[in-house]
Amino acid sequence: MKPIPDALAPWAAHEERGRGRRYAEPPADYRGEYQRDRDRIIHSTAFRRLVYKTQVFVNHEGDLYRTRLTHSLEVAQIARTVARALHLNEPLVEAISLAHDLGHTPFGHAGQDALNECMQSHGGFEHNLQSLRVVDELEAKYADFPGLNLTWETREGILKHCSRRNARELGDLGERFLKRHQPGLEAQLVNLADAIAYNNHDVDDGFRAGLISLEQLCEQSLFREHYDEVHRSWPDLEDRRLIYEVIRRMIGHVVTDLIEHTAAGIESLAPEDIEDVRHHNQLVVGFSESVFEMHTGLKKFLRENLYRHEQVRSMNEKTRAMIEVLFERYMSDPAEMPDWFRDKASAGDAERARAVADYIAGMTDRFAIAEHERLA
Ligand code: MG
């Protein structure tokens with residue numbers, strides 16, 4: 001294979017033409033702007049807490065399952081591979097990948113749904129928007145500015161979806177949701193790398209947990225195709241190794257397709273720069289039709305058989321109830337929260353609810369469980 005030159009494609013994000021930071025800062029001596037974003041994300045407390053946050057299985061259910069942190073690292077791995085192959089901005093996709101789940105509540109989607117319900121009369125709760133709040137405001141550690149003061153392009157990538165109502169309040173960052181424009185290719189890419197990562201690692205974790213079987217998986221065409229190949233080459237391989245051999249092939253299959261299909265899409269769009277990509281009415285990063293079908297088939301299978309599995313559901317009900325109790329307790333007594341949140345809660349009803357949601361959203365699974373024990 002021919003060596004890949006390092007030069008960025010003209011339609012990639014070029015930091016010298018980027019839209020900059022909210023608070024101007026002098027450039028770093030030895031790092032680019034997106035590298036600096038990535039470094040600030042890695043040094044944030046929200047990033048460290050991802051290690052004790054649920055992906056599918058609650059932290060105490062086992063040490064071998066993915067957590068939000070290991071999930072984010074897998075997303076970064078996939079996104080960087082694709083970015084490099086397509087001459088997109090690798091440090092930028094790494095920064096977006098590592099930050100994309102910073103706003104997740106404890107207890108995964110059950111936690112997010114519960115918090116969203118608690119916040120219904122106070123503007124709701126969206127984990128994507130929360131990731132942006134974390135990097136824009138809640139990581140209060142630098143002397144000169146609130147948050148991490150990340151570049152516009154990293155923030156663009158973090159804000160994957162957003163309701164129209166919230167988009168109106170976000171100024172130029174929310175504009176694309178109102179105008180139905182697209183984000184740059186780096187942001188589009190991380191979105192799909194996220195889906196590739198969880199589709200594959202959830203097969204691994206679900207099988208390991210005994211919630212989905214080899215027979216069920218073999219009904220999925222993407223799995224079946226690679227299972228047959230592995231089984232032919234190693235008929236006596238034990239299940240754990242066999243599963244992993246299948247998963248690595250599935251990842252390779254969809255990632256290769258993503259690179260090739262996206263390269264063809266870029267060629268036919270022939271954008272001059274990132275602005276052409278943003279103004280196009282469709283996403284450019286994507287799978288071929290056949291891989292898209294296999295990918296969404298597997299996603300649907302996981303939703304029906306793993307995310308809605310009785311064992312996952314009963315844990316979700318428990319954790320949902322915990323979030324509801326915590327929300328009520330802090331709402332009625334904000335002094336139970338640390339000073340920083342308590343002070344924010346004193347400004348009015350809406351501010352109180354938002355401060356409580358920010359506090360709960362930042363918790364790890366185990367901290368939320370301990371707080372629930374203390375307060376219930
Ligand atoms: Mg994710």
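**Exercise 1. The pairing of α10 and α13**

Task: Determine in which hand α10 passes α13, how the two helices are oriented, and which classes of residue form their contact.

Solution. In this predicted model, the crossing in which α10 passes α13 is right-handed. Next, consider the geometry: the two helices pack at an angle of about 165 degrees, and their axes are 10 Å apart. Angles over 145 degrees count as roughly antiparallel, so α10 is roughly antiparallel to α13. The contact draws on residues of α10 including L185, L189, L192, I196 and F207. From α13, the participants include D239, R240, I243, I247 and M250. Sorted by class, the contact of α10 with α13 comprises 14 nonpolar, one polar and four charged residues.

**Exercise 2. The pairing of α4 and α10**

Task: Classify the orientation of α4 relative to α10, and state which residues meet.

Solution. Helix α4 covers residues 90–99 and helix α10 covers residues 185–208. They pack at an angle of about 45 degrees, with axes 9 Å apart. This angle makes α4 oblique to α10. The crossing in which α4 passes α10 is right-handed. On the α4 side, L92, V93, I96 and S97 take part, and they meet E186, A187, L189 and V190 in α10. These residues divide into six nonpolar, one polar and one charged.

**Exercise 3. The magnesium ion**

Task: Identify the protein donors of the magnesium ion, and explain which parts of the chain H100 and D194 tie together.

Solution. The protein donors are H71 (NE2), H100 (NE2), D101 (OD) and D194 (OD), at 2.2 to 2.5 Å from the ion. Along the chain, these donors follow the spacing H-x28-H-D-x92-D. H100 belongs to the loop between α4 and α5 (108–118), whereas D194 belongs to helix α10; the pair therefore ties together parts that are 94 residues apart in sequence. As for accessibility, both H100 and D194 are buried.

**Exercise 4. The position of D236**

Task: Decide whether D236 is buried or exposed, and state how far D236 is from R248 in sequence and in space.

Solution. Begin with the location: D236 lies in the loop between α12 (221–233) and α13 (239–269). Its relative accessible area is 76%. Exposed means over 50%, so D236 is exposed. Finally, D236 and R248 are twelve residues apart in sequence, and their C-alpha atoms are 18 Å apart in space.

Definitions and conventions: Residues numbered from 1 in each chain as written. Predicted model: local features only at pLDDT ≥ 70, side-chain atom pairs only at ≥ 80, totals over all residues. Heavy atoms only, no water. Axes fitted to C-alpha atoms, helices over the stretch in contact; angles between N-to-C directions. Helix = DSSP H or I, 4+ residues; strand = E, 2+ residues; numbered from the N terminus. Parallel < 35°, antiparallel > 145°, perpendicular 65-115°, else oblique. Left-handed = near helix turned anticlockwise from the far one by under 90°. Contact = heavy atoms within 4.5 Å. Nonpolar A, V, L, I, M, F, W, Y, C, P; charged D, E, K, R; others polar. Donors = N, O, S within 2.8 Å, 3.2 Å for Na, K, Ca; no water. Buried < 20%, exposed > 50% of the residue type's maximum accessible area, 1.4 Å probe, protein only.
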